[in-house]
Amino acid sequence: NLAVSEGEILGFLYTKGIRPDGIQTLDKDMVKMVCREYDVEVLEAAPVKVEEMARKNEIFDEDDLDKLEDRPPVITIMGHVDHGKTTLLDYIRKSKVTASEAGGITQGIGAYKVLVPVDGKLLPCVFLDTPGHEAFGAMRARGARVTDIAIIVVAADDGVRPQTAEAIAHAKAAGVPIVIAINKVDKEGANPDRVMEELSSSGLMPVDWGGDVPMVKISALKGENVGDLLETVMLVAELQELRANPHRNAKGTVIEAGLHKSKGSVATFIVQNGTLKRGDVVVCGEAYGKVRALFDDTGSRVDEAGPSSAVQVIGLNNVPIAGDPFEVVDTLDIAREKAEARAVELRVERISAKAGDGKVTLSSLASAVSAGKLAGLDLHTLNIVMKVDVQGSIEAIRQALLVLPQDNVTLRFLLQATGEISTSDVDLAFASKAIILGFNVKAPGSVESYADNKCVEIRLYRVIYELIDDMRKAMEGLLDLIE
Ligand code: GDP
């Protein structure tokens, strides 16, 4: 860590004519230059990034590390209802069909590949076909991380709305880079600058204003600037160094599954590592089987599918669930055993979730803090999803909470938004080990039981003082005083 602020370093880079826009990482030469300027020794680290990613995603094995090759990015489109997600997806898909002359409308399989021209080359990327953050959150709550980049669509005539904020929270909590599409710029009353202001005040600073979030003004309806948007997405992808080892058995995630009249169980896989081949034996969740046929996103039969491809798989004995991981194994016997073991594991998980093991609650936080105090250590972080009745409450509660002494606990707000508590909030809280605070809002019965099942604590308040007081007690480790 340098004892120099980020702003100062940015300032220094500017004086050298370098504008690190949209780039969160500096290349080696830049780092060396900065270190020289501030008289800091440069330690050349081993290229750990891929290994770190490997550990984080658990998709790579040690053996893969020297066989990695570039793979296309997988992209999800999110945003508030009516802001133009479907129109954008349709435009991208349509332009792709005419471009590749694939001909005819094909049955959607949940994802499709698009070729984007960048610097005279055509680079592939894959779009997930279910827009909206609900699907994203539900997948994440199941432990799946498929998306590499999130495009968040904001209508220029409407601005940042509750579901925009939710989408941003989901992407941020998952650590997925965001590209903003400011849509409907063709419309009367469109005000892209206002959107940029709103986004910057919610923590997303546009590249054009010296921040690191790319924002592209488009009209999804007319297709204006959609090319620029895709190119920007590809640039962000490049910085991520997305890679996989195509020369191994496939692993990945189920993104869609269902029962077909004549084909039986039909599942769409995103291959995240390795290459899936016809004839392979796969296990996914509690389902398994031999891959009888593979279809790509144009509906054509294929023999194999490499990293980042979406393929429809026929041959499973059962219908898996979106978010289930899949892997190729050597024999059907092994597959059956693994599927059965997985079924047992899931039952145990359900039971222990019911028992509340590891549930994050204000009480568990309080006892962790008091135990930490006894041991003379520990700084805890409490992740919070906050839903309130009106915008004004957000700042009031936030300010009151942030002035509480944070010696033992740091508060981290994943989402602060208006509106009822939803299953999507529960997914966010579950995947990020957060609690949900509601102020003057309700949680519908169905959401409450959903949260119960997932062991997510929802605390509802009508009086600000009570909310703050509970939080204070928990943060000071005063367990008994809560509940
Ligand atoms: P979604 O709910 O986010 O999927 O939004 P839709 O794609 O269904 O779009 C909602 C409405 O906005 C539709 O009537 C679209 O035709 C319209 N719309 C979407 N993009 C644009 C745009 O760029 N310009 C204009 N004028 N209308 C758009």
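**Helices, sheets and a ligand shell in a predicted model**

Me: In this predicted model, which residues of helix α5 are buried?
Reply: Helix α5 spans residues 133-141, and in this predicted model a residue counts as buried when its relative accessible area is under 20%. The residues of α5 that meet this description are His133, Phe136, Gly137, Met139, Arg140 and Ala141.

Me: What covers the buried residues of α5, and which residue just after the helix takes a positive phi?
Reply: The cover over the buried residues of α5 includes two strands, β2 (74-79) and β9 (251-260), together with the helices α6 (162-173), α12 (423-431) and α13 (445-454). Just after α5 the backbone takes a positive phi of about 85°, and the residue that does so is Gly143.

Me: Which residues of α12 are buried, what covers them, and which residue just after α12 has a positive phi?
Reply: Helix α12, which is part of the cover over α5, has its own buried residues, namely Ser424, Asp425, Val426, Asp427, Leu428 and Ala429. Their cover includes the helices α5, α6 and α13 as well as the strands β18, β19 and β20. Just after α12, a positive phi of about 50° is taken by Lys433.

Me: In what order do the strands of the six-stranded open sheet lie, and which are its edge strands?
Reply: The order of this open sheet is β3-β4-β2-β5-β6-β7, and the pairing is mixed. The edge strands each pair on one side only, and they are β3 (111-118) and β7 (215-217).

Me: What angle does the direction of helix α7 make with that of β7?
Reply: From one strand to the next, the twist of the six-stranded sheet averages 30°. Helix α7 (residues 192-201) packs on this sheet and touches β5 (149-155), β6 and β7. Its direction and that of β7 make an angle of about 165°.

Me: In what sense do β6 and β7 pair, and which residue of β7 stands opposite Ile180?
Reply: Strand β6 (residues 178-183) is joined to β7 over three bridges, and the sense of the pairing is parallel. Opposite Ile180, the residue found in β7 is Met215.

Me: How many bridges join β3 to β4, which residue is the partner of Tyr112, and which turn residue has a positive phi?
Reply: Strand β3 and strand β4 (residues 121-128) run antiparallel and are joined by eight bridges, and in β4 the bridge partner of Tyr112 is Phe127. The two strands form a hairpin with two residues between them. In that turn, the residue with a positive phi, of about 50°, is Asp119.

Me: What is the strand order of the four-stranded open sheet, and by what average angle are its neighbouring strands turned?
Reply: This open sheet has parallel pairing and the order β19-β18-β20-β21, so that, given that each edge strand pairs on one side only, the edges are β19 (409-418) and β21 (458-461). Ignoring direction, its neighbouring strands are turned against each other on average by 25°.

Me: At what angles to β19 do the helices α6 and α11 run?
Reply: Helix α6 packs on the four-stranded sheet, touching β18 and β19, and its direction makes about 145° with that of β19. Helix α11 (residues 391-402) lies across β18, β19 and β20, and the angle at which it runs to β19 is about 175°.

Me: Over how many bridges do β18 and β20 pair, and which residue is the bridge partner of Val388?
Reply: Strand β18 (residues 380-388) and strand β20 (residues 434-439) pair in the parallel sense over six bridges. In β20, the bridge partner of Val388 is Phe439.

Me: Which residues are closest to the ligand, and which helix gives the largest share of its shell?
Reply: The ligand is surrounded by 15 residues, and the closest are Asp82, Lys85, Thr86, Thr87 and Asp186. The largest share of the shell, three residues, comes from residues 85-100, that is, from helix α4.

Me: How far do backbone N or O atoms of Asp82, His83 and Gly84 lie from an oxygen atom of the ligand, and what percentage of the ligand's accessible area does the protein cover?
Reply: For a backbone N or O atom the distance to a ligand oxygen atom is 2.7 Å at Asp82, 3.3 Å at His83 and 3.0 Å at Gly84. On its own the ligand has 580 Å² of accessible area, and the share of this that the protein covers is 74%.

Conventions:
Residues numbered from 1 in each chain as written. Predicted model: local features only at pLDDT ≥ 70, side-chain atom pairs only at ≥ 80, totals over all residues. Heavy atoms only, no water. Buried < 20%, exposed > 50% of the residue type's maximum accessible area, 1.4 Å probe, protein only. Contact = heavy atoms within 4.5 Å. Axes fitted to C-alpha atoms, helices over the stretch in contact; angles between N-to-C directions. Near = heavy atom within 4 Å. Polar contact = N/O pair within 3.5 Å; in protein donor to acceptor, adjacent residues only side chain to side chain. Areas by Shrake-Rupley, 256 points an atom, 1.4 Å probe, with all protein chains shown as cover.
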